[in-house]
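Trainee: I should like to learn how to read salt bridges, helix packing and single-residue surroundings in a structural model. May we work through one case together?

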Amino acid sequence: MLIDRAGRRYPLDELRWCGEDGSPVIVEPGPGITRDRIDPAVRSVWRYAAALPLSVPPVSLGEGCTPLLSREFEGMEVGVKPEWHNPTGSFKDRGTTVMVSVLRALGVRALLEDSSGNGGSSVAAYAAAADITATILAPASTSPAKIQQSRAHGASVELVPGTRQDTADEAVRRAAGTTYASHNWQPFFLQGTKLIAYEIWEDLGFAAPDAVLLPCGAGSLVLGCRTGFDELVAAGEIPRAPRLLVAQPEHCAPLVRAFHGEPERPPRPTIAEGTAIARPVRTPEVLAAVRATGGDMVAVPEAEIGPATLELARTGLYAEPTSAQVLPALRAFRRTGALDPGERVVTVLTGSALKAADAVAGLVGLS
């Protein structure tokens with residue numbers, strides 16, 4: 001069943017992106033799966049299909065199964081998931097494959113998405129694979145490479161003046177007249193992102209790390225990890241969920257400020273455009289997820305994000321600035337004691353710097 005914040009329940013096969021009260025809906029917690037229910041013949045997130053609440057034909061482009069690389073930062077061995085190995089170059093493909101598969105199975109022929117870039121290009125690609133017409137709303141300031149990718153997949157892209165939040169607000173206004181396939185609102189997107197927890201568990205020899213370090217905008221990756229690891233606890237495969245450690249850019253860090261009880265601040269432009277979400281729709285759920293795991297959140301100074309992008313690149317990791325903020329966050333968590341040098345930590349680099357070419361050009365002095 002789908003559940004809204006008031007506890008109302010709705011059928012899983014109902015085309016619904018919010019509850020009757022306008023609050024987000026989630027899929028009720030599942031029992032998880034044991035390792036014997038993984039399909040080893042499938043090289044995508046669909047190897048964990050038994051963990052999904054609906055059985056539908058996959059719309060798959062081979063997403064997931066990204067490597068877990070080992071790097072040393074701040075005297076710690078860190079497992080790194082480079083999510084640009086996904087088909088459209090970001091982790092969003094994990095959620096999109098499940099969301100679009102369910103929408104197609106329910107008969108959807110046209111959809112609307114709003115995105116600062118990676119989500120839009122992911123939805124455009126999977127909609128094309130599913131023969132679904134896609135309209136993508138994006139901020140006018142979105143990286144041209146991301147807009148180009150969406151248009152190349154055949155989506156209609158409309159640029160919205162103003163902030164990322166202005167784009168989200170415009171999408172919600174239009175949602176009544178179409179199927180709103182928002183990666184921030186759609187509950188089945190979270191069902192796809194939860195599968196990264198299963199993948200990390202399998203990567204580590206069917207064990208959980210002590211902590212997972214994540215960049216965060218609206219929080220779908222945070223909620224996905226929380227859901228997936230909770231299911232693995234329920235299935236008896238791990239004793240407890242890892243701590244969730246979360247980074248947002250200081251110029252737009254509403255979740256961090258809410259977590260620490262600090263006053264709100266107006267958002268400012270940030271190089272980490274993919275996490276510039278001024279009013280995350282699932283704020284209470286994200287904060288609860290971090291607190292439940294004993295995790296923490298940090299706002300990363302804008303001046304540290306660009307250098308971190310180049311520092312990662314000089315280890316061979318070409319991550320977009322949105323992802324690179326995890327490196328200064330790692331250092332901040334080490335200083336505060338939220339991370340111990342002997343702990344096993346995994347961090348997710350959510351997207352490729354190839355999709356932020358203008359920003360990187362500025363960092364290396366080419367613009």
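**Reading charged pairs, helix packing and residue surroundings**

Mentor: Let us begin with one end of a charged pair: Asp131 is exposed, with a relative accessible area of 59%. Please keep in mind throughout that this is a predicted model.

Trainee: With which residue does the side chain of Asp131 meet in a salt bridge?

Mentor: The general idea comes first: side chains of opposite charge can pair when their charged atoms come close. In this case the partner of Asp131 is Arg109, with 3.5 Å from N to O. Arg109 is partly exposed, at a relative accessible area of 42%.

Trainee: Where in the chain do Arg109 and Asp131 lie?

Mentor: Arg109 belongs to the loop between α1 (92–105) and β6 (110–114), and Asp131 to the loop between α2 (118–129) and β7 (133–139). The pair therefore ties together parts that are 22 residues apart in sequence.

Trainee: Which parts of the chain are linked by the pair of Asp203 and Lys81?

Mentor: The side chains of Asp203 and Lys81 form a salt bridge at 2.8 Å, N to O. This pair links distant parts of the chain, for Asp203 is in helix α6 (residues 195–203) and Lys81 in strand β5 (residues 76–82), 122 residues apart. As to accessibility, Asp203 is partly exposed at 33%, whereas Lys81 is buried at 0%.

Trainee: Which residues are joined into one network by salt bridges that share partners?

Mentor: Lys81, Glu83, Arg94, Glu199 and Asp203 are joined in this way. The structure as a whole holds 22 salt bridges. Another of them brings together the side chains of Asp4 and Arg8, at 3.3 Å from N to O.

Trainee: Is Asp4 buried or exposed?

Mentor: Asp4 has a relative accessibility of 5% and so counts as buried, the cut-off for that class being under 20%. Its partner Arg8 is partly exposed, with a relative accessible area of 34%.

Trainee: Let us turn to helices. What describes two packed helices?

Mentor: They are described by the angle between their axes and the distance between the axes. Consider helix α7 (residues 220–234) and helix α9 (residues 283–292): they pack at an angle of about 50 degrees, and their axes are 9 Å apart. That makes α7 oblique to α9. Their crossing is left-handed.

Trainee: Which residues of α7 and α9 meet?

Mentor: From α7 come Val222, Leu223 and Arg226, which meet Glu285, Val286, Ala289, Val290 and Ala292 of α9. By class, this contact has six nonpolar, no polar and two charged residues.

Trainee: At what angle do the axes of α1 and α2 cross?

Mentor: The axes of α1 and α2 cross at roughly 40 degrees and come within 9 Å. These helices are therefore oblique to each other, and the crossing of α1 and α2 is right-handed. On the α1 side, Lys92, Asp93, Thr96, Thr97, Met99 and Val100 make the contact; on the α2 side, Asn118, Gly119, Ser122, Val123, Tyr126 and Ala127 do so. The residues of the contact divide into five nonpolar, five polar and two charged.

Trainee: Thr96 appears in that contact. Which residues does Thr96 touch, not counting residues up to four places away in sequence?

Mentor: Thr96 touches Ser101, Ser122, Val123, Tyr126 and Phe189. Thr96 lies in helix α1 and is buried, with a relative accessible area of 0%.

Trainee: Where is Gln186 found, and what are its contacts?

Mentor: Gln186 is in the loop between β9 (179–180) and α5 (187–193). Gln186 is buried, with a relative accessible area of 6%. Leaving aside neighbours within four places in sequence, Gln186 is in contact with Arg16, Trp17, Met99, Leu103, Tyr180, Ala181 and Arg282. The C-alpha atoms of Gln186 and Val25 are separated by 7.7 Å, while the two residues are 161 residues apart along the chain.

Trainee: Is Arg43 buried or exposed?

Mentor: Arg43 is exposed, with a relative accessible area of 59%. Arg43 is found in the loop between β3 (26–27) and β4 (69–73). Not counting residues up to four places away in sequence, Arg43 touches Gly62 and Cys65. From Arg43 to Ile305, the separation is 262 residues in sequence and 33 Å in space, C-alpha to C-alpha.

Methods:
Residues are numbered from 1 along each chain as its sequence is written. This is a predicted model: local features need pLDDT of at least 70, side-chain atom pairs count only at pLDDT 80 or more; totals for chains, interfaces and linings use all residues. Side-chain values use heavy atoms; hydrogens and water are left out. A salt bridge is a side-chain nitrogen of Lys or Arg within 4 Å of a carboxyl oxygen of Asp or Glu. Buried means under 20% relative accessible area, exposed over 50%, partly exposed in between (1.4 Å probe, protein chains only). Helices (H or I, at least four residues) and strands (E, at least two) are DSSP runs, numbered from the N terminus. Axes are lines fitted to C-alpha atoms, for helices over the stretch in contact, and angles run from 0 to 180 degrees between N-to-C directions. Angles under 35 degrees count as roughly parallel, over 145 as roughly antiparallel, 65 to 115 as roughly perpendicular and the rest as oblique. A crossing is left-handed if the near helix is turned anticlockwise from the far one by less than a right angle, and right-handed if clockwise. Contact means heavy atoms within 4.5 Å. Ala, Val, Leu, Ile, Met, Phe, Trp, Tyr, Cys and Pro count as nonpolar, Asp, Glu, Lys and Arg as charged, and the others, Gly among them, as polar.
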